[in-house]
Amino acid sequence: MGQLHYDTVSEAVAALQKQGFTTDFRLEQDRLVCPVASFGADEFTIVDIYRYEGDTDPADEASVYAIESRSGLKGILVTGYGASADAVSTTLLEKLHSR
């Protein structure tokens, strides 16, 4: 993965869903959570990242992550970054931004 870049966040999400990344993840403090499970920073792998920057508004900045858990659960996390990032644990942020 990582060889394509999509023009919009919605295009990236649609393409990743077609590749089997169908679970919606969200950040909660020091965990990555979805409807069926919760994961710490060492329990998942970031398969791919797509970053988007707004032309004029920093609030338009976003990252789309293709994520896979150790158990094989594949999904997508869409986050704002920069000024719009939520309060998340340092460990989780380091993992997300290390790529």
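Here a trainee and a mentor talk through some ring pairs and buried residues in a predicted model.

Trainee: How many aromatic pairs does the structure hold?

Mentor: It holds two aromatic pairs. Tyrosine 6 and tyrosine 50 form one of them, with 5.3 Å centre to centre and 65° between the planes.

Trainee: Why is the pair of tyrosine 6 and tyrosine 50 called edge-to-face?

Mentor: Start with the distance: ring centres have to lie within 6.5 Å, and here you have 5.3 Å. Then take the angle: planes over 60 degrees apart count as edge-to-face, and these are at 65°. So edge-to-face is the right name.

Trainee: What makes this a link between distant parts of the chain?

Mentor: Look at where the partners sit. Tyrosine 6 is in the segment before helix H1 (9–18), while tyrosine 50 is in strand E5 (residues 44–52), and they are 44 residues apart.

Trainee: How do you know whether tyrosine 6 is buried or exposed?

Mentor: Buried means under 20% relative accessible area. Tyrosine 6 has 13%, so it counts as buried. Tyrosine 50 has 4%, so it counts as buried too.

Trainee: What about phenylalanine 25 and phenylalanine 39, why are they an edge-to-face pair?

Mentor: Their ring centres are 6.0 Å apart, and their planes are at 65°. Set those against within 6.5 Å and over 60 degrees, and the pair is edge-to-face. Phenylalanine 25 lies in the loop between strand E1 (23–24) and strand E2 (26–28), and phenylalanine 39 lies in strand E4 (residues 37–39), so the pair ties together parts 14 residues apart in sequence.

Trainee: Are those two phenylalanines buried or exposed?

Mentor: Phenylalanine 25 has 6% relative accessibility and phenylalanine 39 has 8%. With the cut-off at under 20%, phenylalanine 25 is buried, and phenylalanine 39 is buried.

Trainee: What makes the link between aspartate 48 and tyrosine 50 a polar contact?

Mentor: Their side chains make that contact at 3.1 Å, and the limit is within 3.5 Å. Aspartate 48 lies in strand E5, and at 4% relative accessible area it is buried.

Trainee: Which residue lies over the face of phenylalanine 21?

Mentor: That's lysine 74, at 4.5 Å from the ring centre. The distance cut-off is within 6 Å, so 4.5 Å passes that part of the test.

Trainee: Last one: why is threonine 79 called buried?

Mentor: Its relative accessibility is 11%, and buried means under 20%, so the label fits. Threonine 79 is in strand E7 (residues 74–80), and among the residues it touches are Leu27, Glu61 and Tyr65.

Methods: Residues numbered from 1 in each chain as written. Predicted model: local features only at pLDDT ≥ 70, side-chain atom pairs only at ≥ 80, totals over all residues. Heavy atoms only, no water. Phe/Tyr/Trp six-rings, centres within 6.5 Å; stacked < 30°, edge-to-face > 60°. Helix = DSSP H or I, 4+ residues; strand = E, 2+ residues; numbered from the N terminus. Buried < 20%, exposed > 50% of the residue type's maximum accessible area, 1.4 Å probe, protein only. Lys NZ or Arg CZ within 6 Å of the ring centre and 35° of its normal. Polar contact = N/O pair within 3.5 Å; in protein donor to acceptor, adjacent residues only side chain to side chain. Contact = heavy atoms within 4.5 Å. Lists of a residue's contacts leave out its neighbours within four places in sequence.
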